Amino acid sequence: MMPAIEKDIEYMEGLWAGKVLVQHLGDSTYGTLDVAIGVKQHVIGKFEKEFGYSRHMPEFDRNYAFNVGMLDALIEFRDKEE
C-alpha cells in the first residue's frame with residue numbers, strides 16, 4: 001500500500017524539485033548527490049525525532065512532505081545511476 005505522504009501535494013512538489021536539482025547538483029550548494037541525500041536525510045530525521053512525523057501520518061507538515069519528496073527523488077536518481 002502506498003504511504004499516505006505520496007498523495008500529498010507538497011510531497012509531489014518535492015519530487016519535482018528533486019528531479020530538477022539532480023540536473024544542477026554541481027552548481028548547487030550541495031555540490032554532490034551524496035551530500036544532497038545526506039542533508040535531506042538529516043532534515044527529515046530531525047522532523048521525525050523532534051516532532052514525531054512519519055510517512056504514514058494522515059496529514060503532513062508541508063516542509064516535511066516537501067523534503068521527503070526531494071529525498072525520494074534523489075534516491076531514485078542515485079539508484080538508477082548505480
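How many aromatic pairs does a search of the whole structure find?

## Aromatic pairs

In this predicted model, the search of the whole structure yields five aromatic pairs. For Phe-47 and Phe-51, the ring centres lie 6.3 Å apart and the planes meet at 45°, so this pair is classed as tilted. Ring pairs also join Phe-47 and Phe-51 with Tyr-53 and Tyr-64 in a cluster.

## Phe-47 and Phe-51 in helix H2

Both phenylalanines belong to helix H2, where a spacing of four residues places Phe-47 and Phe-51 about one helical turn apart. Their solvent accessibility is as follows. Phe-47 counts as buried, because its relative accessibility of 15% falls under the 20% limit. Phe-51, by contrast, has a relative accessible area of 54% and is therefore exposed, the cut-off being over 50%.

## The largest nonpolar core

The largest nonpolar core comprises 22 residues, of which Ile-5, Tyr-64 and Leu-74 touch the most other members. Two or more residues each are contributed by helix H1 (9-21), helix H2 (33-51) and helix H3 (62-81). The largest share comes from H3, which supplies seven residues.

Tyr-64 thus appears both among these core residues and in the aromatic cluster with Phe-47, Phe-51 and Tyr-53.

## Contacts of Leu-74

When residues up to four places away in sequence are not counted, Leu-74 touches Gly-18, Leu-21, Val-22, Leu-33, Ala-36, Ile-37 and Lys-40.

Methods
Residues numbered from 1 in each chain as written. Predicted model: local features only at pLDDT ≥ 70, side-chain atom pairs only at ≥ 80, totals over all residues. Heavy atoms only, no water. Core = buried A, V, L, I, M, F, W, Y, C linked by side-chain atoms within 4.5 Å. Buried < 20%, exposed > 50% of the residue type's maximum accessible area, 1.4 Å probe, protein only. Contact = heavy atoms within 4.5 Å. Phe/Tyr/Trp six-rings, centres within 6.5 Å; stacked < 30°, edge-to-face > 60°.
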